[in-house]
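Here is a short report on one protein chain. Keep the structure in view as you read.

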Amino acid sequence: MKESLLRTIRAEAGAARNLPIAGAILCWVAAVMFVKYFSSLMDVHTQNFFRYLGASVFLSILVSVVYPGCFRKFLARWPVFLLLGGMVVAFQICWVNSLYHVDPAFVSLLGKFSTILITIMAFVFYREEREIVRQGRFLLGFVLGLAGVAGVVAGIANFKTGLAQPQKLGIVFVISSSVIWALYINLVKRVLRSENSLQAFTFTCVSATLFFLPIMLIWGDASVLFGQSSVIITLVIISGVIGIAGANSSYYLSIKRIGMAKSANLVLAQPFLVALASFFAFSERLTPVQWIFGVILLTGCALVIRVQGKETE
């Protein structure tokens with residue numbers, strides 16, 4: 001009886017350890033859906049600013065309560081966080097623009113190639129990561145990843161007859177966002193060696209919002225948002241809290257609880273959930289070829305993550 005109770009408690013504790021990554025994945029799926037929905041209502045720069053504004057206000061209140069006086073660290077290292085904030089802005093502009101040109105499942109699937117790019121860039125920045133890139137399993141994962149990316153693009157229904165200009169731009173934006181994200185993650189890894197993760201992300205988010213403000217004032221149009229119903233305005237703010245603050249905070253907590261390798265592996269489920277949500281929300285259908293090569297791409301990513309996991313055990 002006692003042993004059975006202990007097993008039950010351990011099982012429930014193990015399940016609870018996976019709750020943060022489940023929350024992060026669901027938040028990211030919601031973020032993709034929100035951004036795609038807003039794409040028909042307002043421009044890229046307006047939704048970027050107000051979504052990040054919502055996330056920044058939420059996170060600033062949270063860290064000020066949990067870590068009183070923590071913004072002194074921001075002032076002490078402002079160049080670092082302005083750099084990270086600038087990279088977030090570049091990533092976000094490319095990623096959000098991609099959803100204005102192509103559908104969510106395609107963006108989520110193709111964007112997972114950043115998993116492999118992160119390791120390749122780590123080869124440049126960190127000496128301890130260089131052994132990973134030389135391993136056969138990594139090389140196999142890299143080849144599968146490249147094949148998957150090519151297949152997902154070639155699997156577009158009208159690929160043989162010629163892609164439309166919006167589709168070409170969408171692909172360029174997705175790949176650009178993946179490269180920027182990989183570089184950003186490697187820089188974040190260095191910063192987190194000496195900084196609390198929640199504080200670091202909050203300072204980065206605030207910095208990004210400061211950059212987004214002049215961009216929105218010059219190239220955006222806030223009047224379009226304020227011309228929407230109060231429901232839409234509220235949804236834009238909430239989407240920032242969920243898709244930016246909620247997703248990233250949950251992901252950092254997951255890394256702390258179950259490790260980076262396992263967290264990254266579980267995130268590979270995101271494109272399938274996005275595909276399911278996008279099918280019902282936007283009637284998006286990936287072609288059979290895209291599904292096949294999408295699985296090949298994610299398999300390659302999983303191999304790379306597995307190598308990383310073994311190296312850090």
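## I233 and its surroundings

I233 counts as partly exposed, because its relative accessibility is 24%. That value falls between the cut-offs of 20% for buried and 50% for exposed. Keep in mind that this is a predicted model. I233 belongs to helix 13. Beyond its neighbours within four places in sequence, I233 touches L225, F226 and Q228. F50 is 183 residues away from I233 along the chain, yet their C-alpha atoms are separated by 8.9 Å.

Now turn to F226. This residue sits in helix 12, which covers residues 222–226. F226 is exposed, because its relative accessible area is 52% and exposed means over 50%. Setting aside neighbours within four places in sequence, F226 is in contact with F50 and I233.

## The protein as a whole

Step back to the full chain. The protein has 16 helices and zero strands. Of its 313 residues, 48% are buried. The exposed area is about 15100 Å². Carbon and sulfur atoms supply 69% of that area.

How do the contacts spread along the sequence? Take the contacts with a separation of 6 or more. Residues 24 or more positions apart account for 87% of them.

## Helix 3: a buried residue and a surface patch

Helix 3 spans residues 44–66, and T46 is found there. Is T46 buried or exposed? T46 is buried, because its relative accessible area is 0% and buried means under 20%. Leaving out neighbours within four places in sequence, T46 has five contact partners to look up: M216, G220, D221, A222 and L225.

F58 also lies in helix 3. Its relative accessible area is 39%, so F58 is partly exposed. F58 is part of a nonpolar patch on the surface. The patch is formed by V57, F58, I61, L62, V65 and V66. Together these residues have about 530 Å² of accessible area.

## Helix 13: two serines facing A24

Return to helix 13, which runs over residues 230–258. S249 lies in this helix. S249 is partly exposed, because its relative accessibility is 23%. Which residues does S249 contact, apart from neighbours within four places in sequence? They are L59 and L198. A24 is 225 residues from S249 along the chain, and the two C-alpha atoms are separated by 7.8 Å.

S250 is in helix 13 too. S250 and A24 are 226 residues apart in sequence. In space, their C-alpha atoms are 5.1 Å apart. Leaving aside neighbours within four places in sequence, S250 contacts P20, G23 and A24.

## Charges: one bridge and one patch

How many salt bridges does the model contain? The count comes to one. D103 and K36 form the salt bridge, and their closest N and O atoms are 3.8 Å apart. The pair links distant parts of the chain, 67 residues apart. D103 is in the loop between helix 5 (78–101) and helix 6 (104–111). K36 is in helix 2, residues 19–38. D103 is partly exposed, because its relative accessibility is 34%. K36 counts as buried, because its relative accessibility is 14%.

There is also a patch of positive charge on the surface. R17, K256, R257 and K262 gather in it. R257 is found in helix 13. Its relative accessibility is 38%, so R257 counts as partly exposed.

## A backbone detail in a loop

Finish at S283. This residue lies in the loop between helix 15 (270–282) and helix 16 (288–311). Which sign does its phi angle have, positive or negative? The phi of S283 is near 55 degrees, a positive value in a residue other than glycine.

Notes
Residues numbered from 1 in each chain as written. Predicted model: local features only at pLDDT ≥ 70, side-chain atom pairs only at ≥ 80, totals over all residues. Heavy atoms only, no water. Patch = residues over 30% accessible without salt bridge, like charges linked within 9 Å, V, L, I, M, F, W, Y side chains within 5 Å. Areas by Shrake-Rupley, 256 points an atom, 1.4 Å probe, with all protein chains shown as cover. Salt bridge = Lys/Arg side-chain N within 4 Å of Asp/Glu carboxyl O. Lys, Arg positive; Asp, Glu negative; His and termini not counted. Charge placed at Lys NZ, Arg CZ, Asp CG, Glu CD. Helix = DSSP H or I, 4+ residues; strand = E, 2+ residues; numbered from the N terminus. Buried < 20%, exposed > 50% of the residue type's maximum accessible area, 1.4 Å probe, protein only. Contact = heavy atoms within 4.5 Å.
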